[in-house]
Amino acid sequence: MIARLDFAPLDGITKRVFRRVWHQRFGGADRYFIPFISPTGQHILTPRDRRELENPEGLPQIPQVMAKQAADFVWAAEALADMGYEEVNLNLGCPSGTVTAKGKGSGLLMDPDRLDRFLDQVFSVARVPVSVKTRLGYHTPEEFPRLLEIFNRYPIACLTVHPRVRPEKYRGAVHMDLFALAVAESKNPVCYNGDLTSVAGVRALEAQFPGLDAAMIGRGAIADPALPRRLRGGPAAAKEELQAFTAELYQAYQDFYGQAAPASQRMKEIWFYLIHLFDGGERLGGRMRRSRGPKAYEELEAQIFQELDLLDAPQGELA
(Lines give C-alpha, C1' and ligand atoms only; values in the text may rest on other atoms or scores of the structure.)
Protein backbone atom coordinates (compact mmCIF):
# COMPACT_ATOMS: atom_id res chain seq x y z
CA MET A 1 0.00 0.00 0.00
CA ILE A 2 1.22 3.52 -0.83
CA ALA A 3 2.60 5.06 2.34
CA ARG A 4 1.30 8.60 1.88
CA LEU A 5 -1.69 10.22 0.18
CA ASP A 6 -1.43 13.88 -0.75
CA PHE A 7 -4.42 16.03 -1.68
CA ALA A 8 -3.56 17.96 -4.85
CA PRO A 9 -4.05 21.71 -5.14
CA LEU A 10 -6.85 22.74 -7.50
CA ASP A 11 -6.91 26.51 -7.84
CA GLY A 12 -10.36 27.90 -7.08
CA ILE A 13 -11.58 24.69 -5.43
CA THR A 14 -9.30 23.25 -2.75
CA LYS A 15 -8.92 26.51 -0.90
CA ARG A 16 -8.97 26.99 2.85
CA VAL A 17 -12.74 26.69 3.37
CA PHE A 18 -12.95 23.51 1.32
CA ARG A 19 -9.92 21.91 2.97
CA ARG A 20 -11.29 22.49 6.46
CA VAL A 21 -14.78 21.10 5.80
CA TRP A 22 -13.57 18.18 3.68
CA HIS A 23 -11.00 17.20 6.33
CA GLN A 24 -13.58 17.28 9.12
CA ARG A 25 -16.19 15.32 7.17
CA PHE A 26 -14.08 12.74 5.35
CA GLY A 27 -10.32 12.85 5.83
CA GLY A 28 -7.97 10.15 4.67
CA ALA A 29 -5.37 12.48 3.13
CA ASP A 30 -2.05 12.76 4.91
CA ARG A 31 -1.18 16.22 3.55
CA TYR A 32 -3.01 19.05 1.80
CA PHE A 33 -1.29 21.14 -0.85
CA ILE A 34 -2.35 24.78 -0.87
CA PRO A 35 -3.07 26.22 -4.35
CA PHE A 36 -0.08 28.23 -5.48
CA ILE A 37 0.87 31.73 -4.58
CA SER A 38 2.84 33.68 -7.18
CA PRO A 39 5.15 36.25 -5.57
CA THR A 40 6.07 39.38 -7.47
CA GLY A 41 9.21 41.47 -7.36
CA GLN A 42 7.66 43.58 -4.59
CA HIS A 43 8.03 40.58 -2.25
CA ILE A 44 4.82 40.97 -0.30
CA LEU A 45 2.17 38.49 0.76
CA THR A 46 -1.19 39.97 -0.10
CA PRO A 47 -4.03 39.86 2.45
CA ARG A 48 -5.65 37.24 0.21
CA ASP A 49 -2.50 35.10 0.33
CA ARG A 50 -2.26 35.43 4.09
CA ARG A 51 -5.89 34.40 4.59
CA GLU A 52 -5.26 31.30 2.50
CA LEU A 53 -2.03 30.44 4.30
CA GLU A 54 -3.34 30.85 7.83
CA ASN A 55 -3.92 27.47 9.42
CA PRO A 56 -5.85 27.76 12.69
CA GLU A 57 -7.20 24.24 12.16
CA GLY A 58 -3.66 22.84 12.27
CA LEU A 59 -4.04 20.79 9.08
CA PRO A 60 -0.89 19.16 7.65
CA GLN A 61 -0.44 21.58 4.75
CA ILE A 62 2.22 22.27 2.12
CA PRO A 63 2.16 25.69 0.44
CA GLN A 64 2.90 25.78 -3.27
CA VAL A 65 4.82 28.60 -4.94
CA MET A 66 5.02 29.46 -8.63
CA ALA A 67 7.79 31.82 -9.68
CA LYS A 68 9.86 32.79 -12.70
CA GLN A 69 12.86 34.09 -10.76
CA ALA A 70 14.71 32.04 -8.17
CA ALA A 71 15.01 35.10 -5.92
CA ASP A 72 11.22 35.40 -5.78
CA PHE A 73 10.84 31.74 -4.85
CA VAL A 74 13.52 32.00 -2.17
CA TRP A 75 11.85 35.05 -0.67
CA ALA A 76 8.49 33.25 -0.57
CA ALA A 77 10.07 30.14 0.98
CA GLU A 78 11.63 32.29 3.69
CA ALA A 79 8.32 34.04 4.40
CA LEU A 80 6.50 30.71 4.58
CA ALA A 81 9.15 29.26 6.89
CA ASP A 82 8.61 32.26 9.16
CA MET A 83 4.89 31.36 9.20
CA GLY A 84 5.78 27.90 10.50
CA TYR A 85 5.70 25.85 7.30
CA GLU A 86 8.22 23.03 7.19
CA GLU A 87 8.15 22.38 3.43
CA VAL A 88 7.50 24.49 0.34
CA ASN A 89 6.51 23.09 -3.06
CA LEU A 90 7.73 24.48 -6.38
CA ASN A 91 5.05 24.38 -9.10
CA LEU A 92 6.55 23.25 -12.41
CA GLY A 93 3.30 21.67 -13.57
CA CYS A 94 0.71 24.34 -14.32
CA PRO A 95 -0.06 24.16 -18.08
CA SER A 96 -2.14 27.35 -18.34
CA GLY A 97 -1.11 29.48 -21.31
CA THR A 98 -1.30 32.69 -19.31
CA VAL A 99 1.11 31.15 -16.78
CA THR A 100 3.59 29.51 -19.15
CA ALA A 101 3.79 32.64 -21.32
CA LYS A 102 5.38 34.32 -18.29
CA GLY A 103 7.91 31.51 -17.91
CA LYS A 104 6.20 30.15 -14.80
CA GLY A 105 4.72 26.76 -14.00
CA SER A 106 5.56 24.27 -16.74
CA GLY A 107 6.96 27.23 -18.69
CA LEU A 108 10.16 26.76 -16.67
CA LEU A 109 10.59 23.35 -18.31
CA MET A 110 11.13 24.93 -21.73
CA ASP A 111 14.76 25.74 -20.95
CA PRO A 112 16.47 22.99 -18.92
CA ASP A 113 19.64 25.02 -18.43
CA ARG A 114 17.65 27.90 -16.99
CA LEU A 115 15.77 25.47 -14.75
CA ASP A 116 19.10 24.08 -13.53
CA ARG A 117 20.30 27.58 -12.62
CA PHE A 118 16.96 28.28 -10.91
CA LEU A 119 17.22 25.14 -8.76
CA ASP A 120 20.89 25.79 -7.97
CA GLN A 121 20.04 29.23 -6.63
CA VAL A 122 17.11 27.89 -4.62
CA PHE A 123 18.88 24.93 -3.01
CA SER A 124 22.03 26.88 -2.25
CA VAL A 125 20.19 29.11 0.21
CA ALA A 126 16.81 27.56 1.11
CA ARG A 127 16.47 26.87 4.83
CA VAL A 128 13.26 24.88 4.46
CA PRO A 129 12.89 21.61 2.51
CA VAL A 130 11.71 22.17 -1.07
CA SER A 131 9.62 19.67 -3.01
CA VAL A 132 8.81 19.86 -6.72
CA LYS A 133 5.67 19.11 -8.73
CA THR A 134 6.53 18.66 -12.41
CA ARG A 135 5.38 17.45 -15.78
CA LEU A 136 7.46 15.32 -18.14
CA GLY A 137 8.40 18.32 -20.24
CA TYR A 138 7.05 21.30 -22.09
CA HIS A 139 6.78 20.01 -25.67
CA THR A 140 7.34 16.24 -25.70
CA PRO A 141 7.76 13.38 -23.19
CA GLU A 142 11.25 12.79 -24.54
CA GLU A 143 12.39 15.85 -22.58
CA PHE A 144 11.98 14.04 -19.27
CA PRO A 145 15.28 12.12 -19.02
CA ARG A 146 17.19 15.39 -19.26
CA LEU A 147 14.92 16.99 -16.66
CA LEU A 148 15.34 14.02 -14.34
CA GLU A 149 19.11 14.38 -14.56
CA ILE A 150 18.72 17.96 -13.37
CA PHE A 151 16.34 17.06 -10.55
CA ASN A 152 18.78 14.40 -9.35
CA ARG A 153 21.41 17.08 -8.68
CA TYR A 154 19.37 18.56 -5.85
CA PRO A 155 18.01 17.29 -2.50
CA ILE A 156 14.35 17.56 -3.48
CA ALA A 157 12.10 16.62 -0.56
CA CYS A 158 9.72 14.84 -2.93
CA LEU A 159 9.42 14.83 -6.72
CA THR A 160 5.76 14.68 -7.71
CA VAL A 161 5.42 13.69 -11.36
CA HIS A 162 2.34 14.25 -13.48
CA PRO A 163 3.23 12.06 -16.50
CA ARG A 164 2.00 14.38 -19.23
CA VAL A 165 3.53 17.33 -21.07
CA ARG A 166 2.18 20.85 -21.17
CA PRO A 167 0.08 20.59 -24.40
CA GLU A 168 -1.68 17.49 -23.05
CA LYS A 169 -2.86 19.41 -19.99
CA TYR A 170 -5.11 16.88 -18.20
CA ARG A 171 -6.29 14.86 -21.20
CA GLY A 172 -5.17 11.73 -22.96
CA ALA A 173 -3.20 8.78 -21.68
CA VAL A 174 -0.48 9.31 -19.12
CA HIS A 175 3.04 8.19 -20.05
CA MET A 176 3.59 5.47 -17.48
CA ASP A 177 6.82 4.33 -19.11
CA LEU A 178 8.43 7.64 -18.18
CA PHE A 179 6.95 7.62 -14.72
CA ALA A 180 8.60 4.20 -14.37
CA LEU A 181 11.87 5.91 -15.30
CA ALA A 182 11.33 8.41 -12.49
CA VAL A 183 10.72 5.61 -9.98
CA ALA A 184 13.79 3.71 -11.14
CA GLU A 185 16.23 6.58 -11.56
CA SER A 186 15.19 9.35 -9.18
CA LYS A 187 17.57 9.97 -6.28
CA ASN A 188 14.71 11.66 -4.44
CA PRO A 189 11.38 10.31 -3.14
CA VAL A 190 8.76 10.10 -5.91
CA CYS A 191 5.04 10.80 -5.82
CA TYR A 192 2.60 9.93 -8.62
CA ASN A 193 -0.08 12.40 -9.74
CA GLY A 194 -2.58 11.98 -12.54
CA ASP A 195 -6.05 10.48 -13.12
CA LEU A 196 -6.37 8.65 -9.81
CA THR A 197 -10.15 8.58 -9.58
CA SER A 198 -10.98 5.16 -8.13
CA VAL A 199 -9.86 2.60 -5.60
CA ALA A 200 -9.14 0.20 -8.47
CA GLY A 201 -6.92 2.78 -10.16
CA VAL A 202 -4.84 3.33 -7.04
CA ARG A 203 -4.57 -0.39 -6.40
CA ALA A 204 -3.31 -0.87 -9.97
CA LEU A 205 -0.69 1.84 -9.37
CA GLU A 206 0.41 0.11 -6.17
CA ALA A 207 0.70 -3.21 -8.00
CA GLN A 208 2.77 -1.67 -10.79
CA PHE A 209 5.03 0.27 -8.42
CA PRO A 210 5.27 -1.56 -5.09
CA GLY A 211 6.94 0.60 -2.50
CA LEU A 212 6.04 3.88 -4.24
CA ASP A 213 6.63 6.73 -1.81
CA ALA A 214 3.36 8.60 -2.32
CA ALA A 215 0.38 9.34 -4.54
CA MET A 216 -1.36 12.66 -5.06
CA ILE A 217 -5.12 12.71 -5.63
CA GLY A 218 -7.04 15.80 -6.71
CA ARG A 219 -10.13 15.64 -8.89
CA GLY A 220 -10.83 12.07 -7.77
CA ALA A 221 -11.20 13.19 -4.14
CA ILE A 222 -13.65 15.91 -5.16
CA ALA A 223 -15.67 13.57 -7.38
CA ASP A 224 -15.74 11.04 -4.52
CA PRO A 225 -14.92 12.76 -1.22
CA ALA A 226 -14.66 9.39 0.53
CA LEU A 227 -12.05 8.05 -1.92
CA PRO A 228 -8.99 8.58 0.33
CA ARG A 229 -10.96 7.13 3.25
CA ARG A 230 -11.92 4.11 1.16
CA LEU A 231 -8.28 3.62 0.24
CA ARG A 232 -7.58 3.33 3.98
CA GLY A 233 -10.27 0.66 4.33
CA GLY A 234 -13.11 2.97 5.34
CA PRO A 235 -16.67 3.10 4.00
CA ALA A 236 -18.02 4.78 0.89
CA ALA A 237 -19.95 8.00 1.35
CA ALA A 238 -23.65 7.67 2.16
CA LYS A 239 -26.16 10.05 0.61
CA GLU A 240 -26.94 11.59 4.00
CA GLU A 241 -23.25 12.14 4.62
CA LEU A 242 -22.81 13.89 1.27
CA GLN A 243 -25.85 16.05 1.95
CA ALA A 244 -24.45 17.10 5.32
CA PHE A 245 -21.09 17.82 3.69
CA THR A 246 -22.52 20.04 0.95
CA ALA A 247 -24.77 21.86 3.43
CA GLU A 248 -21.87 22.61 5.75
CA LEU A 249 -19.62 23.62 2.87
CA TYR A 250 -22.25 25.95 1.40
CA GLN A 251 -22.76 27.62 4.78
CA ALA A 252 -19.01 27.91 5.30
CA TYR A 253 -18.65 29.65 1.92
CA GLN A 254 -21.47 32.04 2.83
CA ASP A 255 -19.77 32.83 6.11
CA PHE A 256 -16.46 33.42 4.29
CA TYR A 257 -17.86 35.63 1.51
CA GLY A 258 -20.61 37.26 3.54
CA GLN A 259 -23.19 36.54 0.84
CA ALA A 260 -24.81 33.61 -0.95
CA ALA A 261 -24.03 34.42 -4.60
CA PRO A 262 -20.28 33.65 -4.61
CA ALA A 263 -20.94 30.73 -2.26
CA SER A 264 -23.37 29.15 -4.72
CA GLN A 265 -20.86 29.65 -7.53
CA ARG A 266 -18.21 27.79 -5.54
CA MET A 267 -20.66 24.99 -4.88
CA LYS A 268 -21.47 24.67 -8.58
CA GLU A 269 -17.77 24.05 -9.20
CA ILE A 270 -17.81 21.26 -6.60
CA TRP A 271 -20.93 19.71 -8.14
CA PHE A 272 -19.26 19.58 -11.56
CA TYR A 273 -17.27 16.71 -10.05
CA LEU A 274 -19.59 15.42 -7.34
CA ILE A 275 -22.54 14.75 -9.66
CA HIS A 276 -20.74 11.68 -11.04
CA LEU A 277 -21.48 9.82 -7.80
CA PHE A 278 -25.18 9.82 -8.65
CA ASP A 279 -27.00 7.42 -10.93
CA GLY A 280 -28.35 9.41 -13.87
CA GLY A 281 -26.85 12.64 -12.59
CA GLU A 282 -25.95 14.03 -16.03
CA ARG A 283 -29.33 15.71 -16.56
CA LEU A 284 -29.38 17.61 -13.27
CA GLY A 285 -25.64 18.19 -13.49
CA GLY A 286 -26.15 20.00 -16.78
CA ARG A 287 -28.90 22.11 -15.28
CA MET A 288 -26.66 22.88 -12.33
CA ARG A 289 -23.90 24.16 -14.62
CA ARG A 290 -26.36 26.43 -16.46
CA SER A 291 -28.11 27.71 -13.33
CA ARG A 292 -27.80 31.28 -12.11
CA GLY A 293 -27.96 32.50 -8.53
CA PRO A 294 -28.33 30.98 -5.06
CA LYS A 295 -32.05 30.14 -5.30
CA ALA A 296 -31.59 28.06 -8.45
CA TYR A 297 -28.58 26.34 -6.95
CA GLU A 298 -30.38 25.48 -3.73
CA GLU A 299 -33.40 24.08 -5.57
CA LEU A 300 -31.24 21.91 -7.84
CA GLU A 301 -29.17 20.53 -4.99
CA ALA A 302 -32.32 19.61 -3.11
CA GLN A 303 -33.66 17.92 -6.24
CA ILE A 304 -30.46 15.90 -6.66
CA PHE A 305 -30.68 14.48 -3.15
CA GLN A 306 -34.44 13.87 -3.41
CA GLU A 307 -34.54 12.21 -6.82
CA LEU A 308 -31.19 10.52 -7.44
CA ASP A 309 -29.61 7.46 -5.90
CA LEU A 310 -25.92 6.96 -5.44
CA LEU A 311 -24.19 4.55 -7.79
CA ASP A 312 -23.82 1.12 -6.26
CA ALA A 313 -20.03 1.10 -6.63
CA PRO A 314 -18.79 4.70 -6.48
CA GLN A 315 -15.69 5.14 -8.53
CA GLY A 316 -15.38 8.90 -8.85
CA GLU A 317 -14.72 8.66 -12.59
CA LEU A 318 -14.79 11.98 -14.38
CA ALA A 319 -16.72 12.66 -17.53
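How many bridges join strand 5 to strand 6, and do those strands run parallel or antiparallel? Hi everyone, let me take that one right away, with the reminder that we are looking at a predicted model. Strand 5 and strand 6, the latter covering residues 159-165, are joined by five bridges and run parallel. If you want a residue to click on, try T134, which stands opposite V161 in strand 6. To get from strand 5 to strand 6, the chain passes through helix 6, residues 144-151, and this β-α-β crossover is right-handed.

Now for another neighbour of strand 5. Strand 4, residues 88-92, pairs with strand 5 in the parallel sense, again over five bridges. Here T134 turns up once more, as the bridge partner of L92.

So where does that leave strand 5, buried or exposed? Eight of the eight residues in strand 5, which spans 130-137, are buried, so the strand is largely enclosed by the rest of the structure.

Let me finish with two backbone details for the torsion-angle fans. K169 is not a glycine, yet its phi is positive, at about 50°. You will find K169 in the loop between strand 6 and helix 7, the helix at 176-185. With a relative accessible area of 40%, K169 is partly exposed.

The other residue is D195, also not a glycine, with a positive phi of about 65°. D195 sits in the loop that lies between strand 7 (190-193) and helix 8 (199-208). Its relative accessibility is 36%, so D195 counts as partly exposed. Thanks, everyone!

Key. Residues are numbered from 1 along each chain as its sequence is written. This is a predicted model: local features need pLDDT of at least 70, side-chain atom pairs count only at pLDDT 80 or more; totals for chains, interfaces and linings use all residues. Side-chain values use heavy atoms; hydrogens and water are left out. Buried means under 20% relative accessible area, exposed over 50%, partly exposed in between (1.4 Å probe, protein chains only). Helices (H or I, at least four residues) and strands (E, at least two) are DSSP runs, numbered from the N terminus. Two strands pair if DSSP finds at least two bridges between them. A crossover is right-handed if, with the strands pointing away from the viewer, the path from the first strand over the helix to the second runs clockwise.
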